[in-house]
Amino acid sequence: MRQITVAIIICLFCAEYACSAFEDKPGSPEEVYSGMAYCANIFAGSKIAKNPAVCAFGQEWYIDAGHSELFGLKELENKNLRVMMPFGEGFAAGFNFESFGSNLYREQTAGLSAAAMIDENVSIGVRVKNNILKIRDYGSASFYSVDAGVAARILQKVSAGFCAGNIIGQAFSDDGEKPSKSFRAGIGIDSNRVSILFVDVEKRLYEKRLNYYFGHHFQIGNTAVVGTGYLTNPVRCSAGVSLVFGRMAVSYAFITHPYLGLEHHFGVSYLLKKGFAK
């Protein structure tokens, strides 16, 4: 009975996020309490880097790990690991790994990203991902996909970003559907690094309507960040906090769902060293 319940929830969950698997799902606590508005988030020091171009604005080598159980079900665990590495002035690379589900149904993604500043205010980035889908008793399949983005500081305290998801990608099989393309644009407004507002708008090619994402950060000295978010399709609200202890930060966030309850997200990040990127 529990497996039937999990299967139904998986179908509902994936239907809301994709016409196929591997669409954006709430991941790290920072993403969740930012309302998944990450397209122009250059002020977060590359902590939220699903727009690969944002990485070039980061200045820190760090490793970040997160875990969540969606709707209180262990079968819907979401685990992620990210490493960010600014190698030189205006250049950064990163690695991410995400695993969603259980031995009944599992999505796994491993990605490599690179970003570079083309001048002091504009960066471009690309991410190549290998995606694996496993379904018990049915086997597994895999495909690759490519995301690309651009981010810019258009005014001293205003940023803008654009990213395209799955611009190049394989299908699961020769006669299967390719992953759906998506396009997202966003803006960020920084008020002296104390209060930061982010707004994204997204178009998925298989949907007629637009999706909107809103996030707000409030910085409390050098010890904490409190965030709230709001997103549509479906309507969801989020909130969370990151607490800084020297080189380590511990984060928690939750996000609502109109039918399935709360998701809880936990994360830990560790600052390895300062980098050179600006």
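Leaving aside neighbours within four places in sequence, Ala114 is in contact with Phe91, Ala92, Ala93, Ile124, Gly125 and Val126. That list is a friendly way into this predicted model, and Ala114 has more to tell. Ala114 sits in strand 4, which covers residues 105-119. Pro86 is 28 residues away from Ala114 in sequence, and their C-alpha atoms are 9.5 Å apart in space. Is Ala114 buried or exposed? Neither word fits: its relative accessibility is 29%, so Ala114 counts as partly exposed.

**The chain as a whole**

Now step back to the full chain. It contains two helices and 14 strands. Of its 278 residues, 50% count as buried. Take the contacts between residues at least 6 apart in sequence: 49% of them join residues at least 24 apart. The accessible surface of the chain comes to about 12,900 Å², and carbon and sulfur atoms account for 64% of that area.

**Strands side by side**

Let us follow some neighbouring strands, starting with strand 2. Strand 2 (residues 77-88) pairs with strand 3 in the antiparallel sense, over ten bridges. Across this pairing, Asn80 stands opposite Glu98 of strand 3. The two strands form a hairpin with two residues between them, where Gly90 takes a positive phi near 85°.

Strand 3 also pairs with strand 4, again in the antiparallel sense and over eleven bridges. Here Ser99 faces Gln108 of strand 4, and three residues lie between the strands of this hairpin.

Further along the chain, strand 9 (residues 195-204) and strand 10 (residues 211-220) run antiparallel and are joined by eight bridges. Val199 has Phe214 in strand 10 as its bridge partner. How many residues lie between strand 9 and strand 10 in their hairpin? There are six. Strand 10 then pairs with strand 11 (residues 224-231), antiparallel and over eight bridges. Ile220 stands opposite Ala224 of strand 11. Three residues separate the strands of this hairpin, in which Gly221 has a positive phi near 55°.

**A nonpolar patch and some rings**

On the surface there is a nonpolar patch of about 980 Å², with Ile63, Leu81, Phe95 and Met248 among its residues. Strand 3 (91-101), strand 12 (236-245), strand 13 (248-255) and strand 14 (263-274) are the elements that give two or more residues to the patch. Which strand gives the largest share? Strand 14 does, with three residues. Ile63 belongs to strand 1 (residues 60-70).

Aromatic rings are worth a look too. A pair of aromatic rings is described by the distance of the centres and the angle of the planes. A search of the whole structure finds five such pairs. In one of them, the ring centres of Tyr252 and Phe266 are 5.2 Å apart and the planes meet at 45°, so the pair is tilted. Tyr252 lies in strand 13 and Phe266 in strand 14, so this pair ties together parts that are 14 residues apart in sequence. Elsewhere, ring pairs link Trp61, Phe87 and Phe91 into a cluster; Phe91 is also one of the residues in contact with Ala114.

**Some backbone exceptions**

Most residues other than glycine have a negative phi, and most peptide bonds are trans. Asp137 goes another way, with a positive phi of about 75° although it is not a glycine. Asp137 lies in the loop between strand 5 (122-135) and strand 6 (139-155). Asn166 also has a positive phi, near 60°, but Asn166 lies in strand 7 (residues 158-169). As for the peptide bonds, the one from Asn233 to Pro234 is cis, with omega near -5°. Pro234 is found in the loop between strand 11 and strand 12.

**Accessibility at a glance**

The table gathers some residues named above.

| Residue | Relative accessibility | Class |
|---|---|---|
| Ile63 | 34% | partly exposed |
| Tyr252 | 27% | partly exposed |
| Phe266 | 45% | partly exposed |
| Asp137 | 74% | exposed |
| Asn166 | 9% | buried |

Why does Asn166 count as buried? Buried means under 20% relative accessible area, and Asn166 has 9% relative accessibility. Asp137, at 74%, counts as exposed, because the exposed class is for values over 50%.

Key. Residues are numbered from 1 along each chain as its sequence is written. This is a predicted model: local features need pLDDT of at least 70, side-chain atom pairs count only at pLDDT 80 or more; totals for chains, interfaces and linings use all residues. Side-chain values use heavy atoms; hydrogens and water are left out. Two strands pair if DSSP finds at least two bridges between them. Helices (H or I, at least four residues) and strands (E, at least two) are DSSP runs, numbered from the N terminus. Buried means under 20% relative accessible area, exposed over 50%, partly exposed in between (1.4 Å probe, protein chains only). Contact means heavy atoms within 4.5 Å. Accessible areas come from the Shrake-Rupley method with a 1.4 Å probe; for residues, only the protein chains shown count as cover. Patches are made of residues with over 30% relative accessible area and no salt bridge: like charges are joined within 9 Å, nonpolar side chains (Val, Leu, Ile, Met, Phe, Trp, Tyr) within 5 Å. A salt bridge is a side-chain nitrogen of Lys or Arg within 4 Å of a carboxyl oxygen of Asp or Glu. Rings of Phe, Tyr and Trp (its six-membered ring) pair if their centres lie within 6.5 Å; planes under 30 degrees apart count as stacked, over 60 as edge-to-face and the rest as tilted.
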